[in-house]
Amino acid sequence: MIGGLKTTLCALAIAAVAAPAAIVHAGTDDTEQSAFREAVKFGFSGEAIQGGVMIGDAPAGTRSLTFDGEAVPFDEDGKFIIAFNRDAGQAANLVATLDNGETVRKFINIAPRNWKIEHVSINRRATTRSAAFMARRGPELEQINAARSVTSDSKGWRETFVWPVKGRISGQFGSQRVYNGDPGSYHSGIDIAAPTGTYYVAPADGVVTLAASSPFTLEGNLLMIDHGMGLNSAFLHSSEILVKEGQAVKRGEPIGRIGSTGSATGPHLHWSMKWNSARIDPILLTGPME
């Protein structure tokens, strides 16, 4: 009996001595697990806000990526872009499918914005489009949609955007008039007032997808540039376009001159941006004008 007790006590003593080694081993596993968890996380820069843009880093080993169910392309290093429409809802879902078949999900809360809304106590005047206008407008919209469907290999979307021109901001993205409770269309871009003939430049690298050979009914001399990954810019009302369709342009390169062609009350540059179907606020890519 006594011999058995000694044997038991000896075994407990050996286990106690071995315990620190077991703790170290567990700590190593925790470190490895922590590193693995970091590797399968999303990384982001930018703001999850209405009209905003985010540049992301996909988790290691990502095979495919979806944003609210739609496929999102990504570069060899895992970088990708997503954006939030002016009227985006409160949340969005980002899902990465890994090479091993597992999925990594990110629930994104989208911050609302206080848009400049002007309530007008008059009835909105009805606009009657002439047959001649409608006959011209159809082909123009086809050209615009075709330009937006172009996917180039430009890396402009990865760059820090610059202002195409400096001047007085005469129209803000997202602003809207409400006529006796009846909302009008919101402003789809940002307006920068400057004298006719003033040069404006490419805000980032890209490929020209549309350079109007004659003024469009509303946009005037319209220029469109694809920055890659579904991100594109449109420049309206130009007095002159300095580049051609298919031409690659660099950030800061002169691409046109400001004018008042099309539906414009004075010389200014209307700069609008879209990521796929989402209309976004250019100022969230450039930062405030200095």
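Which residue takes a positive phi in the hairpin of E1 and E2?

1. In this predicted model, the residue in question is Gly51, whose positive phi lies near 80° within a hairpin that has six residues between strands E1 and E2. The two strands of the hairpin run antiparallel, with four bridges joining E1 (residues 43-46) to E2, and Gly46 is found opposite Met54 of E2.

2. Strand E2, which covers residues 53-57, is mostly covered, in that four of its five residues are buried. E2 is also joined by five bridges to strand E5 (residues 79-83), again in an antiparallel arrangement, and here Asp57 has Lys79 of E5 as its bridge partner.

3. A further group of four strands makes up an open sheet with antiparallel pairing, in the order E4-E3-E6-E7. Its edges are formed by strand E4 (70-71) and strand E7 (103-109), each of which pairs on one side only. Between strand E3 (residues 62-67) and E4, which run antiparallel, there are two bridges, and Phe67 has Glu70 in E4 as its bridge partner.

4. Helix H2 (residues 131-148) has a length that agrees with expectation, because its 18 residues at 1.5 Å a residue should span 26 Å and its end C-alpha atoms are 26 Å apart. The buried residues of H2 are Phe133, Arg137, Glu140, Ile144 and Ala147, so that charged residue names stand in this list beside Phe133 and Ile144.

5. As to what H2 packs against, its buried residues lie against two strands, namely E14 (206-211) and E15 (221-228).

Conventions. Residues are numbered from 1 along each chain as its sequence is written. This is a predicted model: local features need pLDDT of at least 70, side-chain atom pairs count only at pLDDT 80 or more; totals for chains, interfaces and linings use all residues. Side-chain values use heavy atoms; hydrogens and water are left out. Buried means under 20% relative accessible area, exposed over 50%, partly exposed in between (1.4 Å probe, protein chains only). Two strands pair if DSSP finds at least two bridges between them. The expected span of a helix is 1.5 Å times one less than its number of residues. Contact means heavy atoms within 4.5 Å.
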